[in-house]
Amino acid sequence: MTPEGFVMAMQGKVVLRRERSATRRTLKRVWFLVSRLGPEGRVLLIGWSGRETGMTSPRTMPRLTLVGFQQSAFRPSGGVRFDLLHRAPTGLVIAGQVVPTAGRALLSNVNSPYALRVVACLPNGLSCRIAAARRPWLGEVIDDYRYN
């Protein structure tokens with residue numbers, strides 16, 4: 001089960017592709033700060049926090065942030081699904097620029113120490129795929145008291 005509230009670092013890759021183009025760009029070793037918050041942990045924030053060589057942990061402030069809202073309860077075989085939103089919920093202050101997005105995120109801890117998968121359509125005709133996994137980080141906070 002994934003906890004209802006947490007802040008953790010994840011590292012993985014991002015694949016970007018323009019609509020109607022076979023050309024794609026892959027960014028490896030990208031850092032994300034991923035948070036689950038709000039009533040019953042229904043909001044997911046995915047903050048892009050830096051990438052590539054020499055970084056052993058993420059920066060403290062994301063530059064870009066994707067926002068998701070929980071659409072399914074935890075399933076042991078598949079994790080928790082979130083639909084990505086075009087804007088942040090009213091009253092929620094978010095670090096980094098919110099990227100208007102349509103797509104899905106899947107958060108799970110099945111066969112791994114928390115994994116994140118994202119398929120999204122970004123502005124300007126870009127498609128985005130993210131695959132990331134939890135990494136040790138000093139700033140991590142996990143509310144393990146309540147679960148879905």
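**Group meeting: strands, a patch and three salt bridges**

Of the 148 residues in this protein, 41% count as buried. Please keep in mind that what you see is a predicted model.

I'll start with the overall layout. The protein has zero helices and ten strands. Read along the sequence, the pattern is therefore just β-β-β-β-β-β-β-β-β-β, where strands are numbered from the N terminus.

Now to strand β5, which covers residues 80-84. Which of its side chains are buried? V80, F82 and L84 are, and they point to one face of the strand. R81 and D83 point to the other face and are not buried. The side chains alternate along the strand.

What does β5 pair with? On the one hand, strand β4, residues 64-70, pairs with β5 in the antiparallel sense over three bridges. Within that pairing, F69 has D83 of β5 as its bridge partner. On the other hand, β5 is joined to strand β7, residues 102-108, by five bridges, and these two also run antiparallel. Here R81 has L106 of β7 as its bridge partner, and V80 has L107.

We can follow L107 one strand further. β7 pairs with strand β8, residues 115-122, over seven bridges, again in the antiparallel sense. In β8, the bridge partner of L107 is L116. So if you click on V80, then L107, then L116, you step from β5 to β7 to β8, since V80 is partnered with L107 and L107 with L116.

Next, the salt bridges. In general, side chains of opposite charge can pair when their charged atoms come close. How many salt bridges does the structure hold? It holds three.

One of them is back on β5: the side chains of R81 and D83 meet at 3.4 Å, N to O. R81 has a relative accessible area of 28%, so it counts as partly exposed. D83 is partly exposed as well, because its relative accessibility is 23%.

Another links R134 and E140, with the closest N and O atoms 2.5 Å apart. R134 counts as partly exposed because its relative accessibility is 23%, and E140 counts as partly exposed because its value is 26%.

There is also a salt bridge between R20 and E19, where the closest N and O atoms are 3.8 Å apart. Both R20 and E19 are exposed.

Staying with charge, there is a positive surface patch. It is formed by K13, R17, R24, K28 and R129. Which strands supply at least two of its residues each? Those are β1, residues 3-18, and β2, residues 24-37. K28, for example, sits in β2. Why is K28 called exposed? Because its relative accessible area is 54%, and the cut-off for exposed is over 50%.

V34 is in strand β2 too, but its relative accessible area is 0%, so V34 is buried. V34 and L66 are 32 residues apart in sequence, and their C-alpha atoms are 9.6 Å apart in space.

My last residue is I130, in strand β9, residues 126-135. Is I130 buried or exposed? It is buried, because its relative accessible area is 6% and buried means under 20%. I130 and V14 are 116 residues apart in sequence, yet 4.6 Å apart in space, C-alpha to C-alpha.

That is the end of my part.

Terms used
Residues are numbered from 1 along each chain as its sequence is written. This is a predicted model: local features need pLDDT of at least 70, side-chain atom pairs count only at pLDDT 80 or more; totals for chains, interfaces and linings use all residues. Side-chain values use heavy atoms; hydrogens and water are left out. Buried means under 20% relative accessible area, exposed over 50%, partly exposed in between (1.4 Å probe, protein chains only). Helices (H or I, at least four residues) and strands (E, at least two) are DSSP runs, numbered from the N terminus. Patches are made of residues with over 30% relative accessible area and no salt bridge: like charges are joined within 9 Å, nonpolar side chains (Val, Leu, Ile, Met, Phe, Trp, Tyr) within 5 Å. Accessible areas come from the Shrake-Rupley method with a 1.4 Å probe; for residues, only the protein chains shown count as cover. A salt bridge is a side-chain nitrogen of Lys or Arg within 4 Å of a carboxyl oxygen of Asp or Glu. Lys and Arg count as positive and Asp and Glu as negative; His and the chain ends are not counted. The place of a charge is taken as NZ of Lys, CZ of Arg, CG of Asp or CD of Glu.
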